[in-house]
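Visitor: Could you take me through the aromatic side chains in this one? I'd like a close look at how the rings sit against each other and against whatever is around them.

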Amino acid sequence: MVSCPRVFRLGSIRRHRESSADMKSVLRALLLPLLVFISECEYGTAESNEVLYPYGPRQSDLTTPLQDDGASGEVRLSIEFTFFGKKYKSLYVNNNGVISFNKAVSQYTPNAFPLTNGETFVTPFWGDVNNRLGGTVYYRQSTDPDLLRNISADMTKYLPDLHYKATWAFVATWDKVAYYGSKSRKVNTFQAVLTSDGYNYITILNYGGIQWTTGTASGGDPYTGLGGTPAQAGFNSGDDTHYFNIPGSRTNEVLKIETTSNVNYPGRWVFQVDDFKVSGGAASSKVFPCLLQAQFAKEGEDFWSEASCSTKCRCQGGKVSCAEEKCPGSGTCEESGPFFTCKIEKKLCF
């Protein structure tokens, strides 16, 4: 993190008789480092936000083109990433805040999920980015031990029952990106991470700083970056059952996404996305509105949150409430989707 003093002082520049060209060179050499320092103080540097995993040139990241509605080329993955039962060997990093599996995405005004046309998205912030006006979109796939250790430690906190040890990660970061039609200095920083331990597949969405929601081509104000059709965040598997809209998507409330979470860590959302984890798997915000430990629970469903069946929970009205209640001695605690159920055998009387 850059330490920024309130007052900058330049040492005195001695007068001399060099030519004006020489003087300009001297001033440029003196002022350029200061301007870079001021810029870093205003906007921060890559890797400066604790919610984000390391990214940028120091990580040997690649970048997408500086192009409105542009994208990376097809990125071949070193593993097959499983996303709701389907395996993908490649993906695209799109400037407009989307990771897509089937093809590049140039659409800048987001649609609400679910999308039923086969579009398979992981989208931390689908909005009209224009990185020609400002910002960089970084990406890499990695087996770096430090990164994998950090991810594993986080997943141990959020999903302890998985005993997760990451072996691979793909990190895409939209660093201080501007919006289309911007007449302000507002920028957004957000990140999407795909990771696997060879058995489980997880998506992590991180938000480092959100200042705008909408480009002007989507009805936004050029000076505020607000209004119109705001950004969409979440994921979509291409059908009408496996999708999730992060609360606030396509409303002005998405501006507050860096303060929300499903794992009690503001600015971070975590989802296990490899298989159908809840009663056949519909990860729908309508059918499965409750989230606990980054997993979905069905409305009106009772379940136990851990393998000892000592804490009973219930999904009601989109919220989970839990209380200490052990499975009776006559019952057995059995795994049921991402949670557990207490099964009591019925005794027959003769």
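Guide: Sure, and keep in mind that this is a predicted model. Let's start with a charge: the charged end of arginine 268 sits over the ring of tyrosine 265, 4.9 Å from the ring's centre.

Now for rings against rings. The count comes to 23 aromatic pairs. Take phenylalanine 83 and phenylalanine 84: their ring centres are 5.1 Å apart and the planes make 80 degrees, so this pair is edge-to-face. Phenylalanine 83 counts as buried because its relative accessibility is 1%, under the 20% cut-off. Phenylalanine 84, at 6%, counts as buried too.

Another edge-to-face pair joins phenylalanine 125 and tryptophan 212, with 5.9 Å centre to centre and 90 degrees between the planes. Phenylalanine 125 belongs to strand 5 (residues 121-126), while tryptophan 212 is in the loop between strand 9 (201-209) and strand 10 (232-236), so the pair ties together parts 87 residues apart in sequence. Phenylalanine 125 is buried at 0% relative accessible area, and tryptophan 212 counts as buried at 0% as well.

Ring pairs also link up into a cluster, whose members include Phe81, Phe83, Phe84, Tyr88, Trp168 and Phe271.

Step back to the nonpolar packing and some of those names return. The largest nonpolar core has 39 residues, and Phe81, Phe83, Leu91, Phe170, Trp174 and Tyr207 touch the most other members. Strand 7 (residues 168-177) gives the most to this core, with 5 residues. Apart from it lies another core of 16 residues, among them Met155, Leu159, Tyr164 and Ala166.

Conventions: Residues are numbered from 1 along each chain as its sequence is written. This is a predicted model: local features need pLDDT of at least 70, side-chain atom pairs count only at pLDDT 80 or more; totals for chains, interfaces and linings use all residues. Side-chain values use heavy atoms; hydrogens and water are left out. A nonpolar core is a set of buried Ala, Val, Leu, Ile, Met, Phe, Trp, Tyr and Cys residues joined through side-chain atoms within 4.5 Å. Buried means under 20% relative accessible area, exposed over 50%, partly exposed in between (1.4 Å probe, protein chains only). Helices (H or I, at least four residues) and strands (E, at least two) are DSSP runs, numbered from the N terminus. Rings of Phe, Tyr and Trp (its six-membered ring) pair if their centres lie within 6.5 Å; planes under 30 degrees apart count as stacked, over 60 as edge-to-face and the rest as tilted. A charge sits over a ring if NZ of Lys or CZ of Arg is within 6 Å of the ring centre and within 35 degrees of the ring normal.
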